[in-house]
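Please look through the sequence and the model below. The report that follows describes selected parts of the fold.

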Amino acid sequence: MEHFFLHTMVGSIVLIVLKVLAVLVPLLIGVAYLTWIERKVLAAIMLRKGPNVVGPFGLLQPFADAVKMIFKETIIPAKANRALFFIAPILGFSLSMLAWAVIPANDGWAVANLNIGILYLLAISSISIYATLLAGWGSNSKYALLGAMRAAAQMISYELAMGLVIASILLLVGSGNLNDIVLAQRHVWFFLPMFPMFIIFFISCLAETNRPPFDFAVGESELVAGFFAEYSSMAFGLFFLAEYGNMILMSAIISILFLGGWLPPFDCVPFTWIPGPFWLIIKILICLFCFIWVRSAFPRYRYDQLMRLGWKVFLPFTLAWVVLTAGFMMATGIGIYGGAG
């Protein structure tokens, strides 16, 4: 009996490790090649060629960049807090990977199928602010600290709007399980009845990931790279990987909350011939293209415009939408999953 328990425990651990590797290995490869895709898409929009030297079509450029960062010297400011200085990039990268534990690639395909999966994502997103603050404080640089404070204020402002958007979806679905949220979109994707909230959530994701036109944490013109101004080599590389990892994560969350996750656009052939995970990947790639397109198409906001948009437009609108959604469901008797209450 004891041997059987040991065998079962070891088997469970091995299964968990295999699940984690099945998520992280493709994700890390995807993060590496997202840098290549972004440079190629921006080059096409700007009528340039982009990476085209290192390997065929420049496909080996991400590996060349990784080798360059690994072998560069790590420079630590003389008066920096060494512990916080190194914890910050590790924390930022780790959190961007940990969030994938609850992302379902298909029906029941998640490392951890939690009933509070959406709350887990909100918690991970909130904790990631600490990585930014630790980087700014640990660097012992005024410019890095200013960049960190601006980034923290920006992330908190737009997380409020994102939380209210998610609350309206929870009212409709009646569950915080991401698997249930996708299955609730069998007949109609939430992006259609909740189109204003879809747009707000997408813009909030741009602000949450510090992407243009909301890249105030970086601020090349006035802060010289912002909160990671003092970082070099692989420490900077971890921030770089975390940013692109968060882009993929936010695209996956948008796909799950509004675009039906792994569900095909039409429940008929030939759409049903394509496996669910491929539909999720296609939707993630479409969202990533929008991230990149926005970077090339829109000018950078002023910081006061960013804060005004978050506090005076998005927050009141999303709060009103939650109240109206709850009132509509009470008045019409429509319950969760669109069924009768």
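Leaving aside residues up to four places away in sequence, W137 touches L84 and L145. This is read from a predicted model. W137 belongs to helix α4, which covers residues 117–138. Is W137 buried or exposed? Its relative accessible area is 59%, and W137 counts as exposed because this value is over the 50% cut-off. M149 stands 12 residues from W137 along the chain, and the C-alpha atoms of the two are separated by 9.4 Å.

**Helices α3 and α4**

The helix that holds W137 also has many buried positions: in α4 these are G117, I118, L121, I124, S125, S128, I129, A131, T132, A135, G136 and G138. Which elements cover them? The cover includes α3, α5 (142–173), α6 (178–183), α7 (195–208) and α8. After α4 comes N140, with a positive phi near 55°.

Helix α3 contains L84 and F85 among its buried residues. The others buried in α3 are A88, P89, G92, F93, L95, S96 and M97. The table sets the lengths of α3 and α4 side by side.

| Helix | Residues | Span, first to last C-alpha | Expected span |
|---|---|---|---|
| α3 (82–98) | 17 residues | 24 Å | 24 Å |
| α4 (117–138) | 22 residues | 32 Å | 32 Å |

In α3 the span is close to the value expected at 1.5 Å a residue, and α4 is likewise close to its expected value.

**Nonpolar cores**

In soluble globular proteins, nonpolar side chains tend to be buried together. How many residues make up the largest nonpolar core here? This core has 66 residues, and those with the most contacts inside it are I103, F201, I254, L257 and F258. Helix α8, residues 233–258, contributes the most to this core, with 12 residues. Another core lies apart from it and has 13 residues, including A80, F85, F228 and F239.

F258 has a long list of contacts beyond its sequence neighbours. Not counting residues up to four places away, F258 touches V165, I169, Q185, W189, F190, F191, M194, M197, F198 and F201.

**A pocket lined by α1 and α9**

The second largest pocket holds about 630 Å³ of space. Its lining is made of 21 residues, and V23, P26, W100, A105 and I281 lie nearest the centre. The elements that supply two or more residues to this lining are α1 (2–45) and α9 (276–297). Helix α1 has the largest share, 8 residues. What kinds of residue line the second largest pocket? They divide into 19 nonpolar, 1 polar and 1 charged.

**N179 and H187**

N179 lies in helix α6. Its relative accessibility is 6%, and N179 counts as buried because this is under the 20% cut-off. Not counting residues up to four places away in sequence, N179 touches P104, N106, D107, G108, N113 and W262.

H187 sits in the loop between α6 and α7. H187 is exposed, with a relative accessible area of 82%. How far apart in space are H187 and P265? Their C-alpha atoms are 9.5 Å apart, while in sequence the two residues are 78 apart.

**Backbone details in the loops**

The loop between α1 and α2 (61–71) contains L47. L47 is not a glycine, yet its phi is positive, about 60°. With a relative accessible area of 81%, L47 is exposed. F57 is also found in the loop between α1 and α2. Its phi is near 60°, a positive value in a residue other than glycine, and at 64% relative accessibility F57 counts as exposed.

Which residues are joined by cis peptide bonds? One such bond joins P212 and P213, with omega about 5°. P213 lies in the loop between α7 and α8. Another cis peptide bond joins V269 and P270, with omega about 0°, and P270 lies in the loop between α8 and α9.

Notes:
Residues are numbered from 1 along each chain as its sequence is written. This is a predicted model: local features need pLDDT of at least 70, side-chain atom pairs count only at pLDDT 80 or more; totals for chains, interfaces and linings use all residues. Side-chain values use heavy atoms; hydrogens and water are left out. A nonpolar core is a set of buried Ala, Val, Leu, Ile, Met, Phe, Trp, Tyr and Cys residues joined through side-chain atoms within 4.5 Å. Buried means under 20% relative accessible area, exposed over 50%, partly exposed in between (1.4 Å probe, protein chains only). Helices (H or I, at least four residues) and strands (E, at least two) are DSSP runs, numbered from the N terminus. Contact means heavy atoms within 4.5 Å. The expected span of a helix is 1.5 Å times one less than its number of residues. On a 1 Å grid over the protein atoms alone, a cavity is a set of points where a 1.4 Å probe fits but cannot get out, and a pocket is an open set with protein on both sides within 12 Å along at least five of seven lines; lining residues have an atom within 4 Å of a point. Grid points are joined across faces, edges and corners, and a volume is the space filled by probe spheres set on the points. Ala, Val, Leu, Ile, Met, Phe, Trp, Tyr, Cys and Pro count as nonpolar, Asp, Glu, Lys and Arg as charged, and the others, Gly among them, as polar.
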